[in-house]
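User: I have a structure open here and would like to talk it through before I go back to the bench. Could you take my questions as they come?

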Amino acid sequence: MTKFRVLVVSDIHMFGGEPNPSSPSWVSAMPRFATEHRSPLKALKSLFSPSDEIDWLLCPGDLADRHNEVCQGVAWTALVDLKQSLHIRHLFATVGNHDVDSRHVDERQSLPTTAIRS
């Protein structure tokens with residue numbers, strides 16, 4: 001039987017502040033929190049290795065909290081870095097309700113609701 005391995009990282013909700021029990025997430029876009037000891041995304045590198053032969057990295061939405069485009073970019077970069085570090089064959093992501101302007105606070109057009117593949 002052929003093995004097929006999928007790593008799912010969901011609902012990151014990256015935000016721009018300091019992580020604490022009342023923040024929307026434990027994943028901050030602030031560079032000082034982008035360490036293995038402070039970032040759940042970075043910590044995944046120590047839980048897995050390229051020898052685990054993960055086929056897909058899947059992120060089914062909510063990369064950032066409340067349609068924060070900067071945090072979406074930082075979260076996407078972190079996912080790409082994870083993919084490359086662990087030699088994962090494919091990265092798939094879809095948008096979630098926090099990735100689009102579902103509250104209509106941004107006058108510009110929201111991100112498209114198509115899947116992103118790297």
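User: Of the contacts with a separation of 6 or more, what percentage comes from residues 24 or more positions apart?

Analyst: This is a predicted model, and in it 66% of the contacts with a separation of 6 or more are between residues that lie 24 or more positions apart.

User: OK, and which elements is the protein built from, going from the N terminus on?

Analyst: There are two helices and four strands, and read from the N terminus they follow the order β-α-β-α-β-β.

User: Switching to rings: how many aromatic pairs does a search of the whole structure find?

Analyst: The search of the whole structure gives two aromatic pairs. In one of them, phenylalanine 4 meets tryptophan 56 edge-to-face, with 5.1 Å from centre to centre and 80° between the planes. Phenylalanine 4 belongs to the segment before strand 1 (6-8), whereas tryptophan 56 sits in strand 2 (residues 56-59), so this pair ties together parts that are 52 residues apart in sequence.

User: Which residues do the ring pairs link into a cluster?

Analyst: The cluster consists of Phe4, Trp56 and Phe92, linked by ring pairs.

User: And how exposed is tryptophan 56?

Analyst: Tryptophan 56 has a relative accessible area of 33%, and because buried means under 20% and exposed means over 50%, it counts as partly exposed.

User: What about the protein overall, how much of it is buried, and what is the accessible surface?

Analyst: Of the 118 residues in the protein, 36% are buried, while the accessible surface comes to about 7300 Å², with 55% of that belonging to carbon and sulfur atoms.

Definitions and conventions: Residues are numbered from 1 along each chain as its sequence is written. This is a predicted model: local features need pLDDT of at least 70, side-chain atom pairs count only at pLDDT 80 or more; totals for chains, interfaces and linings use all residues. Side-chain values use heavy atoms; hydrogens and water are left out. Buried means under 20% relative accessible area, exposed over 50%, partly exposed in between (1.4 Å probe, protein chains only). Contact means heavy atoms within 4.5 Å. Accessible areas come from the Shrake-Rupley method with a 1.4 Å probe; for residues, only the protein chains shown count as cover. Rings of Phe, Tyr and Trp (its six-membered ring) pair if their centres lie within 6.5 Å; planes under 30 degrees apart count as stacked, over 60 as edge-to-face and the rest as tilted.
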